[in-house]
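Let's take a walk through this one, from a helix to the empty spaces around it. Have the model open as you read.

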Amino acid sequence: MTGNNKMGYSMLYFDEIDSTNEEAKRQADNGVADRLLIVAGHQTKGKGRRGRNWESPAGGNIFMSLLLRPDFAIESASMVTLVMALSVAQTIREVMQLPAFIKWPNDIVIEKKKVVGILTELHMKDACNWYLICGVGINVNQKEFPEELSQTATSLWLEQREDAGGSDIDSDRLTHKVMERFEENYALFGKRADMSDLMRAYNELLVNKDAAVKVLDPKGEFEGTALGINKLGELLVQKQDGSMENIYAGEVSVRGIYGYV
Ligand code: ATP
């Protein structure tokens with residue numbers, strides 16, 4: 001299935017694909033222009049950060065990747081992850097009335113369990129010749145998870161409100177709504193190529209806000225209190241000795257002191 005829509009991105013659908021991020025990269029390398037959305041029914045090699053896996057079974061989940069060729073400076077590229085995270089969290093709240101929160105920088109959690117993962121990859125020939133792929137996996141209708149994920153993962157179906165009736169959730173509609181929100185937020189982001197206009201909304205939905213966190217930085221772990229993001233999308237963490245650290249998303253994960261959140 002291919003299609004165009006009024007929001008100005010084209011879409012390619014695959015029942016099965018290795019990874020929507022990989023397909024978006026192949027399309028980009030074949031010269032496809034800005035704003036192509038790849039959507040798949042399931043992925044055989046779904047990717048997470050740092051070579052990890054994203055569990056991607058068939059059955060009404062969302063696996064999608066958006067190819068972007070921005071005209072802002074490359075330094076702003078990593079913030080697109082935050083723009084997408086905000087858009088997905090807002091959409092889940094609006095469409096499902098569920099308490100979705102953002103776990104900085106790239107995950108969405110409900111009741112402290114991960115329901116969405118986002119993987120943004122930058123492909124660059126040089127500072128003027130680069131593109132971004134923003135991949136999103138949403139556990140929509142998944143009814144159970146493998147043992148190793150059962151404590152940290154959940155789906156919209158498992159979390160849905162009692163009055164929702166228990167039938168399957170329309171993942172096409174949700175995809176469309178996410179893209180609608182993303183287009184709005186991306187336009188706001190694009191005004192200054194930073195989070196100035198989105199920072200407040202992002203911090204309101206930040207699960208780590210004012211919470212004790214453990215920062216898993218490859219250069220050394222530390223603990224502190226997360227205060228929120230700044231306009232560059234960095235997480236501000238106050239250490240126990242009162243000093244402040246601005247954490248850049250790249251290689252870092254953040255955990256609660258006693259668990260995943
Ligand atoms: P973390 O979530 O540990 O802070 P991360 O944000 O770097 O790290 P991602 O790259 O977003 O993690 O996702 C990969 C990880 O998410 C995997 O290592 C696995 O623990 C978990 N995971 C994999 N598939 C799913 C899924 N469908 N739902 C929820 N969690 C998953």
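What follows covers one helix, then a cavity, then a pocket.

This is a predicted model, with local features needing pLDDT of at least 70 and side-chain atom pairs counting only at pLDDT 80 or more, while totals for chains, interfaces and linings use all residues. Residues are numbered from 1 along each chain as its sequence is written, and side-chain values use heavy atoms, with hydrogens and water left out.

Start with α2, residues 80-96 (helices are DSSP runs of H or I, at least four residues, and strands are E runs, at least two, numbered from the N terminus). At 1.5 Å a residue, its 17 residues should span 24 Å, and the end C-alpha atoms are indeed 24 Å apart; the expected span is 1.5 Å times one less than the number of residues. Since 15 of those 17 residues are buried, α2 is largely enclosed by the rest of the structure (buried means under 20% relative accessible area, with a 1.4 Å probe and protein chains only). Right after α2 comes Gln-97, with a positive phi near 50°.

Now for the gaps. On a 1 Å grid over the protein atoms alone, a cavity is a set of points where a 1.4 Å probe fits but cannot get out; a pocket is an open set with protein on both sides within 12 Å along at least five of seven lines; lining residues have an atom within 4 Å of a point. The largest cavity has a volume of about 40 Å³, and its lining includes Leu-82, Glu-234 and Tyr-248.

The largest pocket holds about 660 Å³ of space. Of its 36 lining residues, Gly-48, Asn-53, Trp-54, Asp-107 and Lys-114 are the closest to its centre. Strand β7 gives the largest share of that lining, 4 residues.

Methods:
Buried means under 20% relative accessible area, exposed over 50%, partly exposed in between (1.4 Å probe, protein chains only). Grid points are joined across faces, edges and corners, and a volume is the space filled by probe spheres set on the points.
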